[in-house]
Amino acid sequence: MIDKLKLISKCKESGKSITPQRFDIIEELSKLNTSISAYGLLERLNNNGHSFSISTIYRVLDFWIDVGIVHKVESNNTYLICNDSHTDHFHVLLHCSNCESVEESCKTSNKVSIPNVQKFTPKKGQVIELHGLCSSCSS
């Protein structure tokens with residue numbers, strides 16, 4: 001489960017507030033060990049008694065991405081909780097091409113350095129995806 005105090009702190013740092021909808025959605029996302037699509041998240045929430053629309057899910061996921069709590073996996077349009085504080089490194093997601101699992105690798109993240117390119121500033125919370133086979137699928 002996600003630490004509610006961490007969420008509140010991150011929201012305050014960003015000058016934003018945590019609403020019941022935002023909390024319900026991030027709490028459900030935090031129950032997962034891998035990434036999930038917005039529609040998958042919608043189904044899980046609505047099966048648990050909530051009544052969200054897909055536009056609300058996308059809006060709230062964008063909110064949590066902006067705050068730095070959620071990553072979007074661009075290659076398959078899914079989302080997962082960030083397992084590391086946003087320090088001065090890029091977040092690296094290890095995406096298994098076989099089982100589709102996605103895992104954030106802080107050890108790999110700390111080794112990645114992007115050369116300073118003039119007239120280019122990477123966006124905040126940048127994510128790098130590496131595709132390959134996870135340890136379960138490669139053995």
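The points below describe the predicted model, from its overall make-up to individual residues.

1. Overall composition. The predicted protein contains 6 helices and 6 strands. Taken in sequence order, these elements give the pattern α-α-β-α-α-β-β-β-β-α-β-α. Of the 139 residues in the protein, 35% are buried. When contacts between residues at least 6 apart in sequence are considered, 51% of them join residues at least 24 apart.

2. The antiparallel sheet. Three of the elements, β1, β3 and β2, form an open sheet in the order β1-β3-β2, and the pairing is antiparallel. Its edge strands are β1, residues 36–37, and β2, residues 70–73, each of which pairs on one side only.

3. Pairing of β1 with β3. These two strands run antiparallel and are joined by 2 bridges. Isoleucine 36 stands opposite tyrosine 79 of β3, and serine 37 has threonine 78 of β3 as its bridge partner.

4. Pairing of β2 with β3. Here the antiparallel pairing extends over 4 bridges. One residue pair that can be inspected in this stretch is histidine 71 with its bridge partner in β3, leucine 80.

5. Burial of β3. Is β3 covered on one face or on both? Both faces are covered: Thr78 and Leu80 are buried on one side, and Tyr79 and Ile81 are buried on the other. Three of these positions recur in the pairing described above: tyrosine 79 is opposite isoleucine 36, threonine 78 is the partner of serine 37, and leucine 80 is the partner of histidine 71.

6. Helix packing on the antiparallel sheet. Helix α2 lies across β1, β2 and β3. The angle at which α2 runs to β3 is about 85 degrees.

7. The hairpin of β2 and β3. The hairpin has 4 residues between its strands. Asparagine 77 is placed in this loop between β2 and β3. Its phi is near 55 degrees, a positive value in a residue other than glycine. How accessible is asparagine 77? Its relative accessible area is 34%, so asparagine 77 is partly exposed.

8. The mixed sheet. A second group of 3 strands forms an open sheet in the order β5-β4-β6, with mixed pairing. The edge strands are β5, residues 102–104, and β6, residues 127–132, and each pairs on one side only. From one strand to the next, the twist averages 25 degrees.

9. Pairing of β4 with β6. Strand β4, residues 91–96, pairs with β6 in the parallel sense, over 6 bridges. Within this pairing, cysteine 96 has glycine 132 of β6 as its bridge partner.

10. The loop between β4 and β5. Glutamate 100 lies in this loop. Like the loop residue in point 7, glutamate 100 merits inspection of its backbone: phi is near 70 degrees, a positive value in a residue other than glycine. Glutamate 100 counts as partly exposed because its relative accessibility is 40%, and the range for that class lies between 20% and 50%.

11. The second largest pocket. The volume of this pocket is about 250 Å³. Which residues lie nearest its centre? Of the 16 residues in the lining, these are Leu32, Asn33, Leu80, Ile81 and Asn83. Leu80 and Ile81 also appear among the buried residues of β3, on opposite faces of that strand.

12. Make-up of the pocket lining. At least two lining residues come from each of α2, residues 20–30, β3, residues 78–81, and β5. The largest share, 3 residues, is supplied by β5, which is also an edge strand of the mixed sheet. By residue class, the lining divides into 8 nonpolar, 4 polar and 4 charged.

13. Isoleucine 54. This residue is placed in helix α4, which covers residues 54–67. Leaving aside residues up to four places away in sequence, isoleucine 54 touches Ala38, Tyr39 and Leu42. The C-alpha atoms of isoleucine 54 and alanine 38 are separated by 7.2 Å, although the two residues are 16 apart along the chain. Is isoleucine 54 buried or partly exposed? Its relative accessibility is 22%, so isoleucine 54 counts as partly exposed; the buried class requires a value under 20%.

How values were computed. Residues numbered from 1 in each chain as written. Predicted model: local features only at pLDDT ≥ 70, side-chain atom pairs only at ≥ 80, totals over all residues. Heavy atoms only, no water. Pairing = 2+ DSSP bridges. Axes fitted to C-alpha atoms, helices over the stretch in contact; angles between N-to-C directions. 1 Å grid on protein atoms, 1.4 Å probe; cavity = no way out; pocket = protein on both sides within 12 Å on 5 of 7 lines; lining within 4 Å. Points joined across faces, edges and corners; volume = space filled by probe spheres on them. Nonpolar A, V, L, I, M, F, W, Y, C, P; charged D, E, K, R; others polar. Contact = heavy atoms within 4.5 Å. Buried < 20%, exposed > 50% of the residue type's maximum accessible area, 1.4 Å probe, protein only.
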